[in-house]
Amino acid sequence: MIEIPSDLHKDVVPLAFLLGTWEGAGVYDFPGTEKCNFGQEIVIRHDGRPFLEFRSRTWVLDEQGEKVRPLENEHAFWRITSNHDGTTGVRGIEISSVRDDGTVEIWYGELADGKPQVDVSTDAVARIEGSPEYSGGKRLYGFVSNELLWVGEKAAPSVPLRPYMSAQLKKVLSPAQLIKDINDLPDDGIAFFK
């Protein structure tokens with residue numbers, strides 16, 4: 001079920017399915033780097049203004065699924081740029097992001113009509129000196145069976161656009177929601193178990 005917070009800015013209501021903390025795992029594979037399984041946490045929140053704040057942390061996992069080392073961190077802001085109030089029709093999406101390796105990206109794309117799916121491609125890429133070669137990418141995010149699934153494609157001057165990261169994430173229940181659920185228990189708490 002998708003909940004829409006009462007203080008969510010009306011322009012980003014169609015993106016409400018993304019809100020929350022998501023955790024899971026995926027696969028990383030790009031020429032010139034070590035192929036690995038990774039863990040991921042994505043936090044997507046809002047503060048009442050017309051954008052969503054997106055934070056992603058990933059880390060390499062060992063064979064037992066334990067964290068080995070950080071892989072890639074990203075911080076971004078997501079906006080709907082067209083058809084804000086439409087009840088049907090594709091909505092334009094704009095994302096501005098920065099990654100811990102010194103890469104800054106501007107993404108444009110669409111929120112699909114009638115389904116919780118975002119498809120974006122880079123429009124501009126800037127890199128600081130020493131950051132890995134990178135010339136652009138594509139991403140697809142989808143809310144499927146209460147999970148957030150995504151796949152990223154990447155291109156570099158020597159590598160054509162190809163899939164390099166994908167993950168399957170589950171929503172993490174917040175402690176505030178747990179407390180709310182506890183408040184619904186009978187007064188003595190013991191009656192629940194009888």
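## A tour of the ten-strand barrel

Select Ile42: it stands opposite Ser56 in S3. What you have open is a predicted model. This pair is the way in, and the tour works outward from here.

**Stop 1: the strands around Ile42 and Ser56**

Colour strand S2, residues 36-45, and then S3. Nine bridges join the two, and they run antiparallel. Now follow the chain between them. The S2-S3 hairpin has six residues between the strands. Pick Gly48 there; its phi is positive, near 95 degrees.

Stay on Ser56 and look to its other partner. In S4, Ser56 has Glu74 as its bridge partner. Step along to Arg57, whose bridge partner in S4 is Asn73. Select both strands in full: S3 covers residues 52-61 and S4 covers residues 67-82. Ten bridges hold this antiparallel pair. The hairpin of S3 and S4 leaves five residues between them. Gly65 sits in that turn with a positive phi of about 85 degrees.

Before leaving S3, switch on a surface. Is S3 mostly covered or mostly open? Mostly covered: eight of its ten residues are buried.

**Stop 2: two residues of S2**

Go back to S2 and select Glu41, which lies in that strand. Is Glu41 buried or exposed? Its relative accessibility is 18%, so Glu41 counts as buried; the cut-off for buried is under 20%. Show its surroundings. Beyond residues up to four places away in sequence, Glu41 touches Thr21, Trp22 and Glu23. It also touches Arg55, Ser56, Arg57 and Trp59.

Next, Asn37, also in S2. Asn37 is partly exposed, with a relative accessible area of 44%. Leaving aside neighbours within four places in sequence, Asn37 is in contact with Gly26, Val27, Trp59, Val60 and Leu61. Draw a distance from the C-alpha of Asn37 to that of Asp62: it reads 7.5 Å. Along the chain these two residues are 25 apart.

**Stop 3: the whole barrel**

Zoom out and switch to cartoon. Ten strands close into a barrel. Trace them in the order S1-S2-S3-S4-S5-S6-S7-S8-S9-S10; the pairing is antiparallel. From one strand to the next, the twist averages 25 degrees. As background, strands of a sheet pair through backbone hydrogen bonds, either parallel or antiparallel.

What else is in the secondary structure besides the ten strands? One helix. Along the sequence the pattern reads β-β-β-β-β-β-β-β-β-β-α.

Some totals while you are zoomed out. Of the 194 residues in the protein, 36% are buried. Among contacts with a separation of 6 or more, 39% come from residues 24 or more positions apart. The protein exposes about 11100 Å², and carbon and sulfur atoms supply 53% of that area.

**Stop 4: S6, S7 and S8**

Select S6, residues 103-111, and S7, residues 117-127. They pair in the antiparallel sense over nine bridges. Use Val104 as a marker; its bridge partner in S7 is Ala126. Five residues lie between S6 and S7 in their hairpin. In the turn, Gly114 has a positive phi of about 80 degrees.

Then add S8. S7 and S8 are antiparallel too, over five bridges. Centre on Ser121 and find Lys138 opposite it in S8.

**Stop 5: the rings**

Hide everything but the aromatic side chains. How many aromatic pairs does the structure hold? Nine. Start with Trp22 and Phe143. Their ring centres are 6.1 Å apart and their planes meet at 80 degrees, so the pair is edge-to-face. Trp22 lies in S1 (residues 20-28) and Phe143 in S8 (residues 136-144), so the pair ties together parts that are 121 residues apart in sequence. Both Trp22 and Phe143 are buried.

Now select Phe54, Trp78, Tyr141 and Trp150 together. These four form one aromatic cluster.

**Last stop: Lys154**

Which ring does the charged end of Lys154 sit over, at 4.7 Å from the centre? The ring of Phe30. Then turn to Tyr164: the charged end of Lys154 sits over that ring as well, 5.1 Å from its centre. Show Phe30 and Tyr164 in one view with Lys154 to finish.

Note on methods. Residues numbered from 1 in each chain as written. Predicted model: local features only at pLDDT ≥ 70, side-chain atom pairs only at ≥ 80, totals over all residues. Heavy atoms only, no water. Pairing = 2+ DSSP bridges. Helix = DSSP H or I, 4+ residues; strand = E, 2+ residues; numbered from the N terminus. Axes fitted to C-alpha atoms, helices over the stretch in contact; angles between N-to-C directions. Buried < 20%, exposed > 50% of the residue type's maximum accessible area, 1.4 Å probe, protein only. Phe/Tyr/Trp six-rings, centres within 6.5 Å; stacked < 30°, edge-to-face > 60°. Lys NZ or Arg CZ within 6 Å of the ring centre and 35° of its normal. Contact = heavy atoms within 4.5 Å. Areas by Shrake-Rupley, 256 points an atom, 1.4 Å probe, with all protein chains shown as cover.
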